[in-house]
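Got your viewer open? Here is a short walk through the model, one selection at a time.

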Amino acid sequence: MSLPDLPELPESPGHPGIPDLPDRKETEVRRMLAGPYPLVPPDLAARAADRGRRLLAHRTLLHRLGWLLALLALAALCWLVMDRPWLPPPAHTTPPVEGW
């Protein structure tokens, strides 16, 4: 595999006539860009759309469950405020009168 045609390297400012060495990372990037590109699977767009639909459905489900949980918590709070289950039940008969 041959490298693509690289532009002329600038000369080193300290040593005229001697070009600077190319950066290793730049050379690797140029090699990757010039090389054969990997093949894209033909069903990639369909798989991505399916995954997006699933993620959206899961997010919608979690959103609705969160609202349902908040509504149930609000209903439980209203019940607690109205019913006051921590108080003893009212007596239906009067206690006997003692000490007369």
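Helices (H or I, at least four residues) and strands (E, at least two) are DSSP runs, numbered from the N terminus. By that rule, the protein chain has two helices and zero strands. What you have loaded is a predicted model, where local features need pLDDT of at least 70, side-chain atom pairs count only at pLDDT 80 or more, and totals for chains, interfaces and linings use all residues. Residues are numbered from 1 along each chain as its sequence is written, and side-chain values use heavy atoms, with hydrogens and water left out.

**Whole chain, surface on**

Show the surface first. It comes to about 10000 Å² for the protein chain, and 68% of that belongs to carbon and sulfur atoms (Shrake-Rupley method, 1.4 Å probe; for residues, only the protein chains shown count as cover). How much of the chain is buried? Just 3% of the 100 residues, where buried means under 20% relative accessible area, exposed over 50%, and partly exposed in between (1.4 Å probe, protein chains only).

**Residues 24-34**

Now select helix α1, residues 24-34, and turn on side chains. You're hunting for salt bridges: a side-chain nitrogen of Lys or Arg within 4 Å of a carboxyl oxygen of Asp or Glu. The structure holds four of them, and this tour visits some.

Pick Arg 24 and Glu 28: their closest N and O atoms sit 3.0 Å apart, making a salt bridge. Why can they pair up? They are four residues apart in α1, so about one helical turn separates them. Arg 24 is exposed at 54% relative accessibility, while Glu 28 is partly exposed at 36%.

Next, pick Glu 26 and Arg 30. This salt bridge also has its closest N and O atoms at 3.0 Å, and again the partners are four residues apart in α1, about one helical turn. Glu 26 is partly exposed at 38%, and Arg 30 is partly exposed at 30%.

**Asp 43 and Arg 47**

Jump along to Asp 43 and Arg 47, a salt bridge with its closest N and O atoms 3.9 Å apart. Asp 43 has a relative accessible area of 36%, so it counts as partly exposed; Arg 47, at 45%, is partly exposed too.

**Residues 44-83**

Select helix α2, residues 44-83, and put a distance line between its end C-alpha atoms: 58 Å. The expected span is 1.5 Å times one less than the number of residues, so the 40 residues here should cover 58 Å, which agrees.

Last stop: Arg 84, just after α2, where phi is positive at about 50°.
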